[in-house]
Structures are given as structure tokens and as C-alpha cells.
Amino acid sequence: MSLYEAELVVDRREFAADGVLALTLRHPLGERLPDWEPGAHIDVVLGPDLERQYSLCGDPGDRDAWRIAVLREPDGRGGSAHVHGQLGQGDKVRVRGPRNHFALRTAPRYRFVAGGIGITPILPMLAAAEAAGAEWTLLYGGRSRESMAFTEELGRYGDRVTIAPQDETGLLDLGSVLDDVPEGTLVYCCGPGPLLDAVEARSPAGVLHVERFQAKEQVTGENTEFEVELAQSGRTLTVPKDVSVLDAVRSAGVEVLFSCTEGTCGTCETDVLEGTPDHRDSVLTDEEREAGETMLICVSRCRGKRLVLDL
């Protein structure tokens, strides 16, 4: 299925917190935008070789506008600086998507944990859980109250939301929400790597769903050379031990969508027709890895000598 791609206009530009810029995007001709579900993100093409992924954090029922929020990262790779410094109201920007590797599964109750800008994919999940009549709570941490986005919006949920700025309360009390979780509860967490690691350490198998903005450190074996057959293109390529599948495919002249090259965005996810992938991404769930039906070709490799990909 081909992804929606269009040039949208920045209809509204406002600060949701110190260093967090919220943008509302609309189609310049008023065309309706594709449906999306909580947890989805879009690719935002900011320039040549400058493409970033941002979670949709508005109302999934609003087909006329998409909202994203971008944290200014002084030590980042240029994406946030471009958005904050060069993308103004009325400007156009090319987007692609939406994709969703962080979908909200149906459950009778949820525990949500967000850190900093990690509130963005969680925000529409709260509205969905509320509409479904599920029991839920949110523990939301950040450096300071002023740096935490959308706290006013969260106020409508009352004491189900715990706002815990680090300069006021210290590190998040994860035990208060993750210890003795009732059966049937799902835990959703997004935020900095150390927070996700801490939540993973406290969560029983099968209940936790996370989204990472940075690649998780992987324990991998030695890289080896292998063959990749491209079923659609009729090509068979050798992937050297020091070359990624993505680079090998592109060097052969086969076009494939990609973005982060770190295994965090899911843009290069590719169907696997034969062979066993060596998954090294931070996107796929344990169940998806076990199934082996797709792989992120920017970082993952082959457990064996040969893969057949649907390219």
C-alpha cells in the first residue's frame, strides 16, 4: 500500500512549553487528510537529506489538520533547529505517512508513562482510552514544569494524570504505577532511553509497549557476508559484512524509502519472503521479530547465508 504524500501548509505555530514548538498542518486546498490512530507518526521532509519523524499529537477525528510537536535539541542533527528557526506560519512542508508502530491495543486498563517530548504519542492515546471507557493513569515526567508540553490539556483528566517535574519531585516513582499491575493491564511508555530501560526492567513480559526516539543498544554477533535476492527486481546482491542491506540495495539502483538509518523510525521496513532476519532495530515487537515477516533493512542483517526480500 502506497503512503500518502503531500505538501502541507503550517497553519498554526505556537509554543506548547519551553523549547517545544507545536505545529498545525493543513492541506493548502483544504483537502481532507488520511485517517490515523493514536501512536502514529509522519515523516517530515525538511530539505535534501534532512527528514525527521514526528508523532501526531492532535485529534485523530480531525481530518482537516495534523498536529506535531518538536523539541528544540541544541545538540541534535539539525532537524529541530530547522523547524524552530526556519519553518514559519504559512510555509509549506512535504510530509509522508502516517505510519504506526506504536498502536494502542484494546485493554480494560492502561498505565501510561511519558518523559519529556515522549508525551506526544501518548496524548491521543489518553483520549482513546477515555472514549473506550478503560481505566487508565498517566505518569508524566520532565526536567521542569515549564519544559513539559500540553500540561494544560492534561488538566481536564484530573487526578488520573500525575505531573512530576524532576526539579520538584526527583526521578519518576515508577513503582507507584508499575508494581502490582492488575492482570489485563497494558503499559505504554515513550521518552528518553534511560526511562524506557527502567520501565522495561519493571514490566512483566507481554504488557509493555514502547516507542524509542533513539536506537536501543543491541547485543549482536559478528557481521557476516550474505546474499539478498530482490524478488520484484530480479536481482541477487552480495551484502558485505561492513555494508548494510539498505546501502547494498541502493547501490544497486533499487529505490527504497528510508530516513533515520538507525532502526528507530520504521520507514525502511521491508517484507521478508525467505530467510531469517537478524533483527537489530528498536521498532519491531518481540512477536514481530519472532514471526520474521518484515525487517528494517537499515540496520538488520541475516541469520544465515540468504534472504529474499519483497523489493
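**Exercise 1. Classify the burial of phenylalanine 150 and describe its backbone.**

*Solution.* Step 1: phenylalanine 150 has a relative accessible area of 6% and is buried (buried means under 20% relative accessible area, exposed over 50%, partly exposed in between, with a 1.4 Å probe and protein chains only). Step 2: its phi is positive, about 65°, although the residue is not a glycine. Step 3: phenylalanine 150 lies in the loop between β8 (135-142) and α3 (151-154); helices (H or I, at least four residues) and strands (E, at least two) are DSSP runs, numbered from the N terminus.

The structure is a predicted model, in which local features need pLDDT of at least 70 and side-chain atom pairs count only at pLDDT 80 or more, while totals for chains, interfaces and linings use all residues. Residues are numbered from 1 along each chain as its sequence is written, and side-chain values use heavy atoms, with hydrogens and water left out.

**Exercise 2. State the phi, place and accessibility class of threonine 261.**

*Solution.* Step 1: threonine 261 is not a glycine, yet has a positive phi of about 60°. Step 2: it is found in the loop between α7 (245-251) and β14 (269-274). Step 3: with 42% relative accessibility, threonine 261 counts as partly exposed.

**Exercise 3. Identify the peptide bond between glycine 97 and proline 98 as cis or trans.**

*Solution.* Step 1: omega is about -5°, and the bond joining glycine 97 and proline 98 is cis. Step 2: proline 98 lies in strand β6 (residues 92-99).

**Exercise 4. Describe the sheet that contains β7, and the helix on it.**

*Solution.* Step 1: the sheet is open and has five strands in the order β9-β8-β7-β10-β11, with parallel pairing (two strands pair if DSSP finds at least two bridges between them). Step 2: β9 and β11 each have a single partner strand and stand at the edges, so one side of each lacks a neighbour in the sheet. Step 3: from one strand to the next, the twist averages 10°. Step 4: helix α2 (residues 119-131) packs on the sheet and touches β7, β8, β10 and β11 (contact means heavy atoms within 4.5 Å). The direction of α2 makes about 160° with that of β7; axes are lines fitted to C-alpha atoms, for helices over the stretch in contact, and angles run from 0 to 180 degrees between N-to-C directions. Step 5: β7 and β10 pair in the parallel sense over six bridges, and valine 113 stands opposite cysteine 189 in β10.

**Exercise 5. Determine how the buried residues of helix α6 are arranged.**

*Solution.* Step 1: in α6 (residues 193-202), the buried residues are Leu195, Leu196 and Val199. Step 2: viewed down the axis of α6, they fall within an arc of 95°, so they line one face of the helix; the arc is that of the directions from the helix axis to the C-beta atoms. Step 3: the face turned away from this buried side carries the exposed residues Pro194 and Ala201. Step 4: the cover over the buried residues of α6 includes β7 (109-115), α5 (175-178), β10 (185-191) and β11 (208-212).

**Exercise 6. Count the aromatic pairs and analyse two of them.**

*Solution.* Step 1: rings of Phe, Tyr and Trp (its six-membered ring) pair if their centres lie within 6.5 Å; planes under 30 degrees apart count as stacked, over 60 as edge-to-face and the rest as tilted. The count is seven aromatic pairs. Step 2: tyrosine 4 and tryptophan 66 form an edge-to-face pair, at 6.0 Å centre to centre and 80° between the planes. This pair links distant parts of the chain, with tyrosine 4 in strand β1 (residues 4-17) and tryptophan 66 in strand β5 (residues 66-71), 62 residues apart. Tyrosine 4 is partly exposed at 22% relative accessibility, whereas tryptophan 66 is buried at 1%. Step 3: the ring centres of tryptophan 136 and tyrosine 157 are 4.9 Å apart with planes at 85°, so this pair is edge-to-face. Both tryptophan 136 and tyrosine 157 are buried. Step 4: ring pairs link Phe102, Tyr110, Phe112, Trp136, Tyr157 and Tyr188 into a cluster.
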